[in-house]
Amino acid sequence: MDRKIINRQKIIIIILFLFVVILGVLLCYFKYQNNNLSETVANQNIEISNMQEFISSIDLSGDEETDLGWELVLVNSTNKIPDDYEFELEYIDSTRLFDSRAVNYLKDMLKDAKKDKITNIWAQSTYRTIELQEALFNEKVDEYKKQGYSETLSKTLTEQSINKPGYSEHNLGLCVDFNNVDNAFEKSKAYEWLMKNAENYGFILRYPEEKADITGVKYEPWHWRYVGVEHAKEMNRLNMCLEEYVEYLLEKNQK
Ligand SMILES: [Zn+2]
């Protein structure tokens, strides 16, 4: 046979062989990815249903909620801001707004931190309108959808880091995100100062790492919530997050 034809046959066989190998590798990879994805989703669903069970076990219907006062209004993935909740806003600087009843506590806290030589601390995000919350939420959902997740799953995943509009403390005007809103904040002098002093201004770390299964939100070292000085001190003493503390007070009030 012609040498050229033999060579061509060899090349075709090699190409076919390579094609089969690559196809096999790709198939295995997709199968692995798929398994991983469904496992993650299943785990997340269990986690979510656990925490939702806990959160919805807190009964906030009726007058009980207002009995605890505006400082302790509980807003999370299952507790929307009450429709009749009233508040006024005041500027803490040229652009950011905070609940007018608590704004001076925040201002004093920032001022005193600076007096203690904590120069690298600033309020990044405070009050957000429902519209802005919606925009942030949808942006994150789109990000997940681009990664190939379904609409429903994208929303579920988004809810782990951004609350639905009306379900965020940022819509209340009682919380503040500091600096770059990232985990690096935990290593800062400002964080260290807040951990020691924030309670004196009525602020608590809202989403501690060890309470994530109760708050339903991953650890957020940058997010601080105003609850009033007395409550902040009591919550830290009892080592309770807001969900636990509200339930604890409601039970105490019933007795
Ligand atoms: Zn926040």
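Strands β3 and β4 (residues 175-178) pair in the antiparallel sense, over 2 bridges; pairing here takes at least two DSSP bridges between two strands. This is a predicted model, so to speak: local features need pLDDT of at least 70, side-chain atom pairs count only at pLDDT 80 or more, and totals for chains, interfaces and linings use all residues. Numbering runs from 1 along each chain as its sequence is written. Helices (H or I, at least four residues) and strands (E, at least two) are DSSP runs, numbered from the N terminus.

**The sheet**
- β3 and β4 belong to an open sheet of 4 strands, ordered β3-β4-β6-β5 with antiparallel pairing.
- β3 (123-125) and β5 (203-205) sit at the edges, each pairing on one side only.
- Across from serine 125 you'll find aspartate 177 in β4.

**The core**
- The largest nonpolar core (buried Ala, Val, Leu, Ile, Met, Phe, Trp, Tyr and Cys joined through C-beta atoms within 7 Å) has 36 residues, and Phe203, Ile204 and Trp224 are among those with the most contacts inside it.
- Buried means 20 or more other C-beta atoms within 10 Å of a residue's own, with C-beta atoms placed from the backbone.
- α3 (103-115), β5 and α9 are among the elements that each supply at least two core residues, and α3 gives the most, with 6.

**Helix α9**
- The 13 residues of α9 (residues 242-254) should span 18 Å at 1.5 Å a residue, and the end C-alpha atoms are indeed 18 Å apart; the expected span is 1.5 Å times one less than the number of residues.
- Leu242, Glu243, Tyr245 and Val246 of α9 are buried.

Conventions. Buried ≥ 20, exposed ≤ 12 C-beta atoms within 10 Å, placed from the backbone.
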